[in-house]
Amino acid sequence: MQPFTERVVAIIKSIPAGQVASYGQIAELAGSRRGARQVVRILHSMSMKYDLPWHRVVNSKGEIAVADEEARDTQVYRLEQEGVYVDHLNRVDLEACRFIPSHDIVDPPSL
DNA sequence: AAATTGACGGGTG
DNA sequence: CCACCCGCCAATT
């Protein structure tokens, strides 16, 4: 497995229940700012087999973007189970639920 | 080796 | 807020 893929998998696994990340955010955290589509590819091909919380990944608008209708329903259901509100257009509130990686601190507190 | 695929994203009007 | 366009990137065809 390619290092990028491994990082993506690790990052997705690190998203806590109740939080969501966008494809682009994951790509960026994995070191490829323009790699959103690779993240898509990776999920597309390995989400089921690798026991990933793929349902915590949405697009940059907060929309559930899964093509397959059944999988989409599953995603909505799982998010709601975790307390993430999904509106009637299958959108989550990214402002409220966005995944915030706990360690890598970008701007240290300015005391 | 070129074209296609894929659950994308940001800029613009 | 919405629609549209174009750049993005690698596995697969």
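A residue is counted as near a DNA strand when one of its heavy atoms lies within 4 Å of that strand. In this predicted model, the largest share of the surface near DNA strand B is supplied by α3, with six residues. Both α2 (23–29) and α3 (36–46) contribute at least two residues each to this surface.

It helps to look next at who takes part. There are 16 residues around DNA strand B, and those that come nearest are Tyr 23, Arg 37, Val 40, Ser 60 and Ala 65. By residue class, the surface near DNA strand B comprises eight nonpolar, six polar and two charged residues. On the nucleic acid side, 49% of the atoms of DNA strand B within 4 Å of the protein belong to sugar or phosphate, and the rest belong to bases.

Individual polar contacts reach both bases and backbone. A base nitrogen of DNA strand B lies 2.5 Å from a polar side-chain atom of Tyr 23. His 44 also faces a base, with an N or O atom of its side chain 3.3 Å from a base nitrogen of DNA strand B. Ser 60, by contrast, places a polar backbone atom 2.5 Å from a phosphate oxygen of the strand.

How far can these details be trusted? Chain A has a mean pLDDT of 88, with 89% of its residues at 70 or more. Among its helices and strands, confidence is highest in strand β1 (residues 21–22), at 97, and lowest in α3, at a mean of 91. Residues 107–111 stay under 50 in pLDDT, and the model has zero contacts for them beyond four places in sequence. Where pLDDT is low, the predicted coordinates should not be read in detail.

Key:
Residues numbered from 1 in each chain as written. Chains lettered and ligands numbered in written order. Predicted model: local features only at pLDDT ≥ 70, side-chain atom pairs only at ≥ 80, totals over all residues. Heavy atoms only, no water. Polar contact = N/O pair within 3.5 Å; in protein donor to acceptor, adjacent residues only side chain to side chain. Helix = DSSP H or I, 4+ residues; strand = E, 2+ residues; numbered from the N terminus. Nonpolar A, V, L, I, M, F, W, Y, C, P; charged D, E, K, R; others polar. pLDDT = per-residue confidence, 0-100. Contact = heavy atoms within 4.5 Å.
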